[in-house]
Amino acid sequence: MPGPALSVARPDEHPDRILSLRGITKRFGAVRALTGVDLDVHVGEVVAIVGDNGAGKSTLVKILAGVHPADGGSIRFFGQLTPIDSPTDSLDLGIATVFQDLALCDSLDVVSNLWLGRELTRAGALDEVEMEKRSWGLLRELHARITDVRVPVASLSGGQRQTVAIARSLIGDPHVVILDEPTAALGVSQTAEVLNLIERLRDRGLGVILVSHNIADVLAVADRVVVLRLGRNNGEFRASETSSDALIAAITGAMDHSRRGGDDPE
Amino acid sequence: MRQGPRRVAEHPDTAARTLPELVSSGVVRARTGDLGVAPVLIGLAILWTVFTALNPVFLSPTNLVNLTMQSAATGVIAIGIVLLLLIGEIDLSVGSVSGLAGAILAVGSVQLGLPLPIVLLAALACGPLIGLVYGLLYTRFGVPGFVLTLAGLLAALGAQLQVLGTAGSITIPFDSAIVQFGQQLFVPAWLMYTIDAAVVALVAWRLVAEARRRAEAGLAARSTAAIALRVGALALLLFACSWYLHQDGGRGVGAMVLLFVILVAGTHLLLTRTRFGRAVYAVGGSVEGARRAGIRVARVQISLFVLCSTFAAIGGILAAARLAGANQSSGGGDMFLNAIAAAVIGGTSLFGGRGSAFSALLGVLVLTSISLGLTLLSLDSSVRYIVTGAVLVLAVIVDSVSRRSRAAAGRA
């Protein structure tokens, strides 16, 4: 990509490109939350979005999740121009969002939380056996460290809860999973657990959008890092070829990448 | 199991749950604040022991038949309260809604002379209608249920007085089918045993089928011994109740009582085996979590208000049938307080998300036992109120403490 906003993708041009945002703009009253933001997500790729507080990360996530519709710009899904106007639109496209607060129902057990709102039934009644079986299958695939799926999620650790939230997002068979600050509240080993999980999502061929403050986490797991600053793109880096210093410079604005478009990932 | 060594998900527990394991998991659950119906069962046992010691008549079949008959109407209303408590809401108007339904029944069948089915339908219909109004106001304007139903209490009381008109008190003739149902209709012993047998067989078949499916799916399944124990306990309970209530001139299980138990069991299945029930517990646990999971929260809330008022109307009809009439104080006084107290004493949490339909059954048995037991001791209602209040406080303390220990054990 020779720089943000310059390549208007034709559908056949990038068959592995799941999501392609161009010139996304969002205002809240007089505040410009996002101005001309571009973002691409490919199959089996972890894209990290980093930026300081107020950089527009959360707004971008909410636009993708359908919480706020964008004011301007285009969203293409597998090359098709698709507006996202509601959370349902987002889910129907195959975008699953795991918000920072997880929104789990603490008093329900793991299986109930995983299937909540999408329960399997058998002759009109809940099919607990099938749901539990598939839950184990999914958790096994994610190498989740969960020993009992019939305990209330309130009794799980932070990392386990994050795992349940992420596993839940996979029930709908999405193309893209958005993780909003998944490691913010976690300790060291639990963070490692979640980062492993993110790699497994990539291995499943999902596009992963990782929003994070934590440069170390980002460099550990992301393929590409998109920096936002004051609501604009401020550089794009290959995680393997950049350093935390370069990222921090782009985040704080010590180095202005907005004109140059940063490193070229393609 | 929960105390066992850490296992990762590659090794789901395929071992059958043995009896000692079941017992120990129960102990762990109790210690971490997951008490279920245990406290109310213990409370009931204590009450019955004390009352029987003071007056052996208490445990006579005739008195127990009386106890079940007296429990039915309030118990049905308490089912509705349980449903609303599950989402942390309450309906204070169930008493006057039941009074209104009773008034419609009495006026329609006696003064207007309408055919019974139509009158019953009209009396029943006032429940869902009122519940729908509550639900819409609650979800549309976010009025707290407490205040909303307090207003409803007054309005329904007004409607009840209006329906009764100048008569004030209406007696339904003894030979009316509804009074016969409420006072005279008892399930014959042979039919009761047949029903018991059918229920036991059904439960046994379900447990066995479930255990087999779980084993086939490689999941932890109940052992045959555990299933046998459960089914045996259930069979013993059902047959013992049916048998005992027929001894020494006891009239057995009233039709009204059977209806109450069927409603409890039906509500239990609705809550535990359907997507709707799962949604109810989810909304009770976390409204935001439920909404994000795609549950239509408002619909669940409206349905529960409708169900609660409907159960209140059914309870009112049963009360009118049993008392053969309706008057201005039907459903008044402590009726709604008893229904709410029954739900809470039965173990349904006031904080939402926890409880079961059976708490209506057990709670109302506690209340009625207190009432009948004290009557047998020739103590008047002043004592009854005080004792009931004390038991209610005890139940709420158990609820609060178990909630706190759940939080401490991370099982909030």
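Visitor: How many residues does each of chain B and chain A bring to the contact?
Guide: Chain B brings 33 residues and chain A brings 28 residues. Two residues are in contact if their C-beta atoms, placed from the backbone, lie within 7 Å. The model is predicted: local features need pLDDT of at least 70, side-chain atom pairs count only at pLDDT 80 or more, and totals for chains, interfaces and linings use all residues. Residues are numbered from 1 along each chain as its sequence is written, and chains are lettered from A and ligands numbered from 1 in the order in which they are written.

Visitor: Which element supplies the largest share of the side of chain B that touches chain A?
Guide: α11(B) does, with five residues. Helices (H or I, at least four residues) and strands (E, at least two) are DSSP runs, numbered from the N terminus.

Visitor: What makes H213(A) partly exposed?
Guide: A residue is buried with 20 or more other C-beta atoms within 10 Å of its own, exposed with 12 or fewer, and partly exposed in between; C-beta atoms are placed from the backbone. H213(A) has 15 C-beta neighbours inside 10 Å, so it counts as partly exposed. H213(A) sits in the loop between β10 (207–211) and α7 (215–221) of chain A. Beyond its neighbours within four places in sequence, H213(A) is in contact with E181(A) and A184(A).

Visitor: Why are β6 and β12 of chain A said to stand at the edges?
Guide: The open sheet of six strands has the order β6-β9-β10-β3-β11-β12 (chain A), with mixed pairing. β6 (95–98) and β12 (232–238) of chain A each have a single partner strand, so one side of each lacks a neighbour in the sheet.

Visitor: How do you know that β9 and β10 of chain A pair?
Guide: Two strands pair if DSSP finds at least two bridges between them. Five bridges join β9 (residues 176–180) of chain A to β10(A), and the strands run parallel. In one of the bridges, L179(A) has L210(A) in β10(A) as its partner.

Visitor: What makes a set of residues a nonpolar core?
Guide: The set must consist of buried Ala, Val, Leu, Ile, Met, Phe, Trp, Tyr and Cys residues joined through C-beta atoms within 7 Å. The largest such core has 179 residues, of which L210(A), I81(B) and L105(B) touch the most other members. Helix α13 (residues 297–323) of chain B gives the most to this core, with 16 residues. Away from its neighbours within four places in sequence, L105(B) has contacts including V119(B), I178(B) and I317(B). A second, separate core of five residues includes V129(A) and A211(B).
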